[in-house]
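Me: I would like to work through this structure by question and answer. Please reason briefly each time and finish with the value or name requested.

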Amino acid sequence: TAAVESRLAHHGAGPHHSSGMEGWLVKAPTSQGARRATAVFSAKKSRRRFFVLEKNLLRYFESSEQTEEPKGGLELGPQSRIEPCARENCFLVIPFPDSKKELYLTAADSKTAMDWICALRRACSAVMHKESAPRRDRLSKDAQLGGMGVKQQQEQQEQQQQQQQ
């Protein structure tokens, strides 16, 4: 899996520049107690599903028509983990730490697997950036004030007024 992570680091955005993506993956239930990169799956219970990633919502359907209700889905957030597995072209989607619901997915080839992993990680990252936006706004205001916070600016103004008197 270290080799997969290395390829992911150099993979870039791929053909999908936003966090949106769709396509066929094989969904397999993870075995009881098997987690993370060592996950084991049951080939008998594996199902080919059409997955759709929109913003931070990953849903899956029985067909690509998407006319029926989704068979399932996960909401991704800043604590979500997308991890490559030991098995080729496979990855694990963990919506939050200690989640009982996780998806073990297999792509048709390594490029498709990397595209999905990158898109899912971007979706998680986008949620994290959206949640921290108010903080970024505050920081940018501080930067406009020469890197000083409001309190520091007030203190500096008071010192300048005292020096002028």
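Me: Which residue in β7 is the bridge partner of Lys27?

Reply: The model under discussion is a predicted one. In it, β1 and strand β7 (residues 103–106) pair in the antiparallel sense over three bridges. The bridge partner of Lys27 within β7 is Leu105.

Me: How many bridges join strand β1 to strand β2?

Reply: Strand β1 covers residues 21–28 and strand β2 covers residues 47–54, and the two run antiparallel. Val26 has Arg48 in β2 as its bridge partner. The number of bridges joining β1 to β2 is seven.

Me: Which residue in β3 does Val52 stand opposite?

Reply: Strand β3 comprises residues 57–61, and β2 pairs with β3 in the antiparallel sense over five bridges. In the hairpin of these strands, two residues lie between β2 and β3, and Lys55 takes a positive phi near 55°. Across from Val52 in β3 stands Arg59.

Me: What is the bridge partner of Leu57 in β4?

Reply: Strand β4 spans residues 72–75 and runs antiparallel to β3, to which four bridges join it. The partner of Leu57 in β4 is Glu75.

Me: Which residue in β6 does Ile82 stand opposite?

Reply: Strand β6 consists of residues 90–94. Four bridges join β5 to β6, and these strands run antiparallel. In β6, the residue opposite Ile82 is Val93.

Me: Which are the edge strands of the sheet?

Reply: The open sheet has seven strands with antiparallel pairing, in the order β4-β3-β2-β1-β7-β6-β5. An edge strand here pairs on one side only. The strands that do so are β4 and β5 (81–84).

Me: By what angle are neighbouring strands of this sheet turned against each other on average?

Reply: The strands in question belong to the open sheet of seven strands. With direction ignored, the average turn between neighbouring strands is 30°.

Me: Why does the aromatic pair of Phe51 and Tyr60 count as tilted?

Reply: The structure holds three aromatic pairs. In the pair of Phe51 and Tyr60, the ring centres are 5.1 Å apart and the planes make an angle of 35°. Planes under 30 degrees apart count as stacked and those over 60 as edge-to-face, so the remaining angles are called tilted. The angle for Phe51 and Tyr60 that leads to this label is 35°.

Me: Is Phe51 buried or exposed?

Reply: A residue is called buried under 20% relative accessible area. The relative accessibility of Phe51 is 0%, so Phe51 counts as buried.

Me: How many residues apart are Phe51 and Trp116?

Reply: Phe51 and Trp116 form an edge-to-face aromatic pair, with 6.5 Å from centre to centre and 75° between the planes. The pair links distant parts of the chain, since Phe51 lies in strand β2 and Trp116 in helix α2 (residues 110–131). The separation in residues is 65.

Me: Which residues form one aromatic cluster?

Reply: Tyr60 is buried, with a relative accessible area of 7%. Trp116 is also buried, at 1%. The cluster is made up of Phe51, Tyr60 and Trp116.

Me: At what distance from the ring centre of Trp24 does Arg48 lie?

Reply: Arg48 is the bridge partner of Val26. Arg48 also lies over the face of Trp24, and the distance from the ring centre is 4.1 Å.

Notes. Residues numbered from 1 in each chain as written. Predicted model: local features only at pLDDT ≥ 70, side-chain atom pairs only at ≥ 80, totals over all residues. Heavy atoms only, no water. Pairing = 2+ DSSP bridges. Axes fitted to C-alpha atoms, helices over the stretch in contact; angles between N-to-C directions. Phe/Tyr/Trp six-rings, centres within 6.5 Å; stacked < 30°, edge-to-face > 60°. Buried < 20%, exposed > 50% of the residue type's maximum accessible area, 1.4 Å probe, protein only. Lys NZ or Arg CZ within 6 Å of the ring centre and 35° of its normal.
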